[in-house]
Amino acid sequence: MDEAPAPGLRIAVLVKHVPDAQFDRHISSDDLTTVRAESILSELDEYALEAALQLVEAHGGAAAGHRVTAITMGPAAAVGAVKKSLQIGAHDGVHLTDEALRGSDASATSRALAALLQHAGPFDLVLTGMASTDGETSLVPAQLAERLALPQVTFAASLDLTREDSGWKLAARRDNDTFAETIEAPLPALVSVTDQINEPRYPNFKGIMAAKKKQIQVLSLADVGLQPDQVGFAGSWTRIEAAAPRPPRSQGIVITDEGDAGIRLVDFLAGQKLL
């Protein structure tokens, strides 16, 4: 009797809709949350998506039953991060959206994402960027791994998967200032990747057209088994007491060269304790 084909890998990639860094950031005066009018897929999440696509392609792709799912949470506009991921190559997407999510800090975010992954899964591997380009806390991957009781590898600069008799195993390299280390873990696991792991691909015309036929599942808090007071402002461990615009930069010092510009420049740098 022929052996049944092994089930394909299911990889979840967390993607976030963040304010475009090309524009100034603004804080809402009503509830001190970030204004997200001009938002895009977080650049750091593109590295996680590319890592997932490369892993799937290295092991036979969709033809072998492997799938990459883009996962996000946030307001209605946050689906833009999922749509961009589908254009790049993800196979499907899931969007958790609910007004009660507004104001979620890292802890409430990880709680919501954990419930979402448990509902949409099971997944063999969860990939994230090393941080979001708005909050930049790098807290969510570790908190999420704890909530899901998964082995975690953070700040991976390379990532490989091998298949053994006992199942899939990952090997990730972490680069430090003076050394590199390789960490191995069985699947399922969670890995955050750095911006050194690969060069993300751009969506091409074929990918953009194909994305229109791909499925995006939209879920509410009730769908994933959460109550409104478990997320958002009510479910957060931290809160912002006050926020103010950054003061305008003061005019710099102009040094006119009258034969002593080098000395004056050194004196200025020394005075600022930059030498």
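Visitor: Hi! Which residue follows α4, and what is its phi like?
Guide: Hello! Helix α4 is followed by Ala 149, and the phi of Ala 149 is positive, near 55°. Keep in mind that we are looking at a predicted model.

Visitor: Okay, and which residues of α4 are buried?
Guide: Helix α4 covers residues 140-148. Its buried residues are Val 140, Pro 141, Gln 143, Leu 144, Ala 145 and Leu 148.

Visitor: What do those buried residues pack against?
Guide: They pack against two kinds of neighbour, helix and strand. The helix is α3 (106-120), and the strands are β1, β6, β7 (152-156) and β11.

Visitor: Let's look at α3, then. Is Thr 109 buried or exposed?
Guide: Thr 109, which is found in helix α3, counts as buried because its relative accessible area is 17%, and the cut-off for buried is under 20%.

Visitor: What does Thr 109 touch?
Guide: Leaving out residues up to four places away in sequence, Thr 109 touches Met 73, Ser 104 and Val 140. You met Val 140 a moment ago as one of the buried residues of α4.

Visitor: Cool. What comes after α2?
Guide: That would be Gly 89, with a positive phi near 155°. Helix α2 itself runs over residues 79-88, and its buried residues are Val 79, Ala 81, Val 82, Ser 85, Leu 86 and Ile 88.

Visitor: New topic: strands! How many residues of β6 are buried?
Guide: Strand β6 spans residues 125-129, and 5 of its 5 residues are buried, so the strand is mostly covered.

Visitor: Which residues sit on which side of β6?
Guide: Leu 125, Leu 127 and Gly 129 are on one side, while Val 126 and Thr 128 are on the other. Both faces of β6 are covered.

Visitor: Which strands does β6 pair with?
Guide: Strand β1 (residues 10-14) pairs with β6 in the parallel sense over 3 bridges. Strand β11 (residues 189-193) also pairs with β6 in the parallel sense, over 5 bridges.

Visitor: Which residue in β6 is the bridge partner of Val 13?
Guide: The partner of Val 13 is Leu 127. For the β11 pairing, Val 126 stands opposite Leu 190.

Visitor: And the inside of the protein? Which residues touch the most other members of the largest nonpolar core?
Guide: Those are Val 13, Leu 127, Leu 170 and Val 191, in a core of 38 residues. Helix α1 (residues 43-58) gives the largest share of this core, with 9 residues. Apart from it lies another core, of 28 residues, including Met 73, Leu 113, Ala 145 and Leu 148.

Visitor: What is Val 191 in contact with?
Guide: Setting aside neighbours within four places in sequence, Val 191 is in contact with Leu 125, Val 126, Leu 127, Thr 128, Val 153, Ala 156, Leu 159 and Leu 170.

Visitor: Let's zoom out. How many helices and strands are there?
Guide: The protein chain has 7 helices and 12 strands. Its C-alpha atoms fill a box of roughly 90 × 45 × 40 Å along the principal axes.

Visitor: What share of the residues is buried?
Guide: Buried residues make up 42% of the 275 residues in the chain. As for the outside, the chain exposes about 16100 Å², and carbon and sulfur atoms supply 52% of that.

Visitor: Last one: how many positive and negative side chains are there?
Guide: There are 24 positive and 36 negative side chains, and the centres of the two sets lie 4 Å apart.

Notes. Residues numbered from 1 in each chain as written. Predicted model: local features only at pLDDT ≥ 70, side-chain atom pairs only at ≥ 80, totals over all residues. Heavy atoms only, no water. Core = buried A, V, L, I, M, F, W, Y, C linked by side-chain atoms within 4.5 Å. Buried < 20%, exposed > 50% of the residue type's maximum accessible area, 1.4 Å probe, protein only. Helix = DSSP H or I, 4+ residues; strand = E, 2+ residues; numbered from the N terminus. Contact = heavy atoms within 4.5 Å. Pairing = 2+ DSSP bridges. Areas by Shrake-Rupley, 256 points an atom, 1.4 Å probe, with all protein chains shown as cover. Lys, Arg positive; Asp, Glu negative; His and termini not counted. Charge placed at Lys NZ, Arg CZ, Asp CG, Glu CD.
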